[in-house]
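Reader: Could you walk me through this model? I would like to go from a single residue out to the cores, a helix, the sheet and a cavity.

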Amino acid sequence: MAARRHGRREFLGILGLGAAAVISGCGVLGRARRAALASPEVLPPSTTTVVPSTTTTTSTTVATTTTTTPTSTTDSALGSGGSLPGIPDPHPGPPSVVFRAPTATNQIALTIDDGYCVECADDYVQFALRSGIRITFSPNGTYNEIWDPLAATLRPLIEAGQVQIANHTYNHRNLLKLGESEIVEQIERNEDWIEATFGITGRPWFRPPYGWHDERTDEVAGGVGYTQILMWSGSFGDSAVLTPDQLLAQAEKWLLPGTIMLGHANHPTVTTLFGQIEDLIAQRNLSPVTLDEMFGTSRAVG
Ligand SMILES: [Zn+2]
């Protein structure tokens with residue numbers, strides 16, 4: 001095992017910290033196919049990196065939520081008129097790593113990362129607009145040329161509590177290789193962009209790039225108010241380029257009660273399947289919600 005993992009210290013670090021519940025785009029596939037389809041988290045086309053593989057242990061969920069904030073964001077925090085709350089101050093604290101819903105529920109949380117494909121990001125936003133399905137996007141500010149033009153469409157959905165924005169860092173770098181000040185810069189630069197672009201804070205929801213994190217990076221994130229370290233319990237597997245059949249198989253496998261679902265706005269395959277994914281959610285009587293709704297956090301408190 002160790003020999004086969006030679007050179008995958010980042011990955012070992014993840015497992016060693018008990019974050020084995022990470023289900024990546026690869027983790028849902030057979031071991032032999034992982035190397036080919038790989039990667040829990042996407043890379044920008046211009047960069048190269050090691051692709052971690054991950055282990056699936058959905059039963060050992062560590063879904064903790066220490067946040068006690070007002071619920072009902074649409075009614076109170078956002079106001080019936082749809083106006084956004086002001087940006088709240090950060091609330092630094094000990095981090096909690098979250099994989100799935102905290103209690104038995106028919107809720108699911110669709111969490112869609114990155115967004116370096118213009119038509120994919122646009123199609124996802126149009127899907128949200130058309131369907132009313134609740135989605136949490138975790139865009140990187142480095143793709144601002146793609147996301148900024150979508151902000152006008154997204155803002156009313158954000159105001160209505162249908163769409164939430166989480167922080168996924170500005171440049172999507174491997175935090176395990178960064179010093180504390182660099183991690184803070186990556187988080188806060190993206191927070192600044194989220195605030196300026198979408199009018200809300202991303203706090204306290206932080207998804208580490210590639211899902212790579214350890215106690216140190218979690219503590220740094222918690223120190224700037226990102227106390228909820230967002231992992232996932234199911235994945236479309238689309239950090240790699242999948243065929244429609246492959247992606248739909250992942251949807252059928254993982255869209256289950258309580259799932260935090262990982263997806264990416266990076267490759268067009270998913271955009272051809274929105275109708276089928278929507279049907280699957282309806283057939284299974286699942287209720288898509290934002291992280292705020294699943295965990296009782298709010299944009300007014302952050
Ligand atoms: Zn990512």
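Reader: Is Leu-84 buried, partly exposed or exposed, and what is its relative accessible area?

Author: Happy to help! This is a predicted model, in which local features need pLDDT of at least 70 and side-chain atom pairs count only at pLDDT 80 or more, while totals for chains, interfaces and linings use all residues. Residues are numbered from 1 along each chain as its sequence is written, and side-chain values use heavy atoms, leaving out hydrogens and water. Buried means under 20% relative accessible area, exposed over 50%, and partly exposed in between (1.4 Å probe, protein chains only). Leu-84 is partly exposed, with a relative accessible area of 21%.

Reader: How far apart in space are Leu-84 and Glu-159, C-alpha to C-alpha?

Author: Leu-84 sits in the loop between α3 (73-77) and β1; helices (H or I, at least four residues) and strands (E, at least two) are DSSP runs, numbered from the N terminus. In sequence, Leu-84 and Glu-159 are 75 residues apart, but C-alpha to C-alpha the separation is 5.6 Å.

Reader: Which helix gives the largest share of the largest nonpolar core?

Author: A nonpolar core is a set of buried Ala, Val, Leu, Ile, Met, Phe, Trp, Tyr and Cys residues joined through side-chain atoms within 4.5 Å. The largest one has 44 residues, and Tyr-124 and Phe-137 are among those touching the most other members. Its largest share, six residues, comes from helix α4 (residues 118-131).

Reader: Why do the buried residues of α9 line one face of the helix?

Author: In α9 (residues 244-254), the buried residues are Leu-247, Leu-248, Gln-250, Ala-251 and Trp-254. They pack against β7 (234-235), β8 (260-264) and α10 (274-283), with contact meaning heavy atoms within 4.5 Å. They line one face because, seen down the axis, they fall within an arc (taken from the directions from the helix axis to the C-beta atoms) of 155 degrees.

Reader: Which residue in β6 is the bridge partner of Val-97?

Author: Three strands form an open, parallel sheet in the order β1-β6-β5, where two strands pair if DSSP finds at least two bridges between them. β1 and β6 (residues 228-230) pair over three bridges. The partner of Val-97 in β6 is Ile-229.

Reader: What is the volume of the second largest cavity?

Author: On a 1 Å grid over the protein atoms alone, a cavity is a set of points where a 1.4 Å probe fits but cannot get out, and lining residues have an atom within 4 Å of a point. Tyr-124 and Phe-274 are among the residues lining the second largest cavity. Grid points are joined across faces, edges and corners, and a volume is the space filled by probe spheres set on the points. For the second largest cavity, the volume is about 50 Å³.

Note on methods: On a 1 Å grid over the protein atoms alone, a cavity is a set of points where a 1.4 Å probe fits but cannot get out, and a pocket is an open set with protein on both sides within 12 Å along at least five of seven lines; lining residues have an atom within 4 Å of a point.
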